[in-house]
Amino acid sequence: MLPVRLVLLVLEGPREGENDFLEFPSIEDAVSYGRELCGGRRFQLEAIEDGHGRSVISYDYLNELCRTAEAFPQRRYA
């Protein structure tokens, strides 16, 4: 899989209203990082794009994914 970019809208500071882009090796890595930012006041999660700038995951679905807690493997008892 090719790298993807997480698109963030800057909500405060001198760059308020501008987009910031972070590159990740996979969609899963970008979503995992988005979970860390979700609910913060500094950035708004906007989208995940491929290397050509085409949206792979849009705002609504990305935010839904990032609000969902990661599933932990269940322990199996023998």
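**Exercise 1.** Find how many helices and strands the protein has, and give their order from the N terminus.

*Solution.* This is a predicted model. Step one is the count: the secondary structure comes to two helices and four strands. Step two is the order: read from the N terminus, the elements run β-β-α-β-β-α.

**Exercise 2.** State what share of the residues is buried and how the accessible surface is made up.

*Solution.* Begin with the residues: the protein has 78, and 28% of them count as buried. Then take the surface: the accessible area comes to about 5900 Å². Carbon and sulfur atoms account for 49% of that area.

**Exercise 3.** Take the contacts between residues at least 6 apart in sequence, and say what share joins residues at least 24 apart.

*Solution.* Within this set of contacts in the protein, the share joining residues at least 24 apart is 48%.

**Exercise 4.** Determine the number of disulfides, and explain the result for Cys-38 and Cys-66.

*Solution.* Recall first that a disulfide is a covalent bond between the sulfur atoms of two cysteines. The cut-off used here is a pair of cysteine sulfur atoms within 2.5 Å. Next, look at Cys-38: the closest cysteine sulfur is in Cys-66, at 5.8 Å, so the two are too far apart for a bond. Starting from Cys-66 instead, the closest cysteine sulfur is that of Cys-38, again at 5.8 Å and too far. The count is therefore zero disulfides.

**Exercise 5.** Decide whether Cys-38 and Cys-66 are each buried, partly exposed or exposed.

*Solution.* Cys-38 has a relative accessible area of 26%, which makes Cys-38 partly exposed. For Cys-66 the value is 5%, and Cys-66 is buried, since buried means under 20%.

Note on methods: Residues numbered from 1 in each chain as written. Predicted model: local features only at pLDDT ≥ 70, side-chain atom pairs only at ≥ 80, totals over all residues. Heavy atoms only, no water. Buried < 20%, exposed > 50% of the residue type's maximum accessible area, 1.4 Å probe, protein only. Contact = heavy atoms within 4.5 Å. Areas by Shrake-Rupley, 256 points an atom, 1.4 Å probe, with all protein chains shown as cover.
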